[in-house]
Amino acid sequence: MTEITAAMVKELREKSGAGMMDCKKALAETNGDMEAAIDWLRAKGIAKADKKSGRTAAEGLVGIATIGHKAVVVEVNSETDFVARNDAFQDIVRGIAQVALTTDGTVEAVASANYPATGKSVSDSLKDAIATIGENMTLRRSAALEVEHGVVATYIHNAAGDGIGKLGVLVALKSVGDKEVLNSVGRQVAMHIAATNPLAIRSEEVDAAVAERERNVFIEQARESGKPEAIIEKMVEGRMRKFFEEVALLSQAFVVNPDITVGQAVKDAEKLAGAEIEVTGMVRLLLGEGVEKEESDFAAEVAAAAKG
């Protein structure tokens, strides 16, 4: 039996929003498995799915660059928001995004690519910048989308300047239709993706493991009602249909016009574009997503510095 520590209970509380005693019981019931404990709380109606990602805390910027039918997005982390507001750091993020356009978009390819401003690799150039700016910086994530015909629309949320901000989205639209129309609807869809963070473009593309996990939670929730298994199965199927509608991009209610789905909005745009439009890819990078950093006691830091 795994020992349930106060730190484990604290972590589960932060991730689930549930009370201390509920968290302690959930961990005890699941032998200390954090993800299973979250599902246990959800099945009991104590925690919501949107809490499970936990807190994110990393500074820096997301940068986007576009050329022709290709666009890239990169995330460069720094230790403090102060450095993220520094002009030199912002220029570095823009520069790395431009370099990323010459690669396949993977972190490894971008890190090893030549950075024109220094004549060195991106990785080595970042190391030099660390010495100059005096703070650790890392290229954490990058991605690229490209279409043979059509556009890759982009959107930056919480922009800190041209092509840089806290959240970046790419969405690829395959079409031979009017580029102006494609860019217009593409930007709207990119804004929608920024707001809703869909798991996949289509319901059939949702990760099977994620869908199975949701199904298991729904089954446990339904069993709590005490209804017969035959009724439970119908309840679960109904909830799964709703789940897919909520997490798949094309079936989501469009944030620009909630009366229609994103799929319908794209279909409607085909009339103006003069050709069929297919959404072939999407990327959403939120600064610091999935990264946690230790909270510091500012007063204690000042006191420690004074003693030093």
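**Exercise 1. Describe the open sheet of three strands, its edges and the helix that packs on it.**

Begin with the strand order: the open sheet of three strands runs β6-β8-β9 with antiparallel pairing, where strands are DSSP runs of E of at least two residues and helices are runs of H or I of at least four residues, both numbered from the N terminus, and where two strands pair if DSSP finds at least two bridges between them. Next, find the edges: β6 (150-157) and β9 (278-286) each have a single partner strand, so one side of each is left without a neighbour in the sheet. From one strand to the next the twist averages 10°. Then add the helix: α8 (residues 179-196) packs on this sheet, touching β6, β8 and β9, and its direction makes about 40° with that of β6; contact means heavy atoms within 4.5 Å, and angles run from 0 to 180 degrees between N-to-C directions, with axes fitted to C-alpha atoms, for helices over the stretch in contact. Finally, look at the pairing itself: β8 (residues 167-174) and β9 are joined in the antiparallel sense over eight bridges, and Gly 168 has Leu 285 in β9 as its bridge partner.

The model is a predicted one, in which local features need pLDDT of at least 70 and side-chain atom pairs count only at pLDDT 80 or more, while totals for chains, interfaces and linings use all residues. Residues are numbered from 1 along each chain as its sequence is written, and side-chain values use heavy atoms, with hydrogens and water left out.

**Exercise 2. Lay out the open sheet of four strands and state which helices lie across its strands.**

The order here is β5-β2-β1-β7, again an open sheet with antiparallel pairing. Its edge strands are β5 (137-146) and β7 (164-165), each of which pairs on one side only. Between β2 and β5 there are nine bridges in the antiparallel sense, and Glu 75 stands opposite Arg 141 in β5. As for the helices, α5 lies across β1 (59-67), β2, β5 and β7 and runs at about 145° to β2, whereas α7 (residues 122-133) lies across β2 and β5 and runs at about 140° to β5.

**Exercise 3. Which side chain of opposite charge is nearest to Lys 70, and what does the side chain of Lys 70 reach?**

Place the residue: Lys 70 lies in strand β2 (residues 70-78). Lys 70 is buried (under 20% relative accessible area, with a 1.4 Å probe and protein chains only), yet has no salt bridge (a side-chain nitrogen of Lys or Arg within 4 Å of a carboxyl oxygen of Asp or Glu). The nearest side chain of opposite charge, Glu 146, is 4.6 Å away. The side chain of Lys 70 does, however, reach the backbone oxygen of Leu 101 at 3.0 Å. Leaving aside neighbours within four places in sequence, its contacts include Ala 100, Glu 146 and Val 152.

**Exercise 4. Is Ala 100 buried or exposed, and which residues does Ala 100 contact?**

Ala 100 is found in helix α5 (residues 87-100) and counts as buried, at 1% relative accessibility. Beyond its neighbours within four places in sequence, Ala 100 is in contact with Lys 70, Val 72, Val 74, Gly 105 and Val 110. The C-alpha atoms of Ala 100 and Val 122, which are 22 residues apart along the chain, are separated by 9.6 Å.

Notes: Buried < 20%, exposed > 50% of the residue type's maximum accessible area, 1.4 Å probe, protein only. Lys, Arg positive; Asp, Glu negative; His and termini not counted. Polar contact = N/O pair within 3.5 Å; in protein donor to acceptor, adjacent residues only side chain to side chain.
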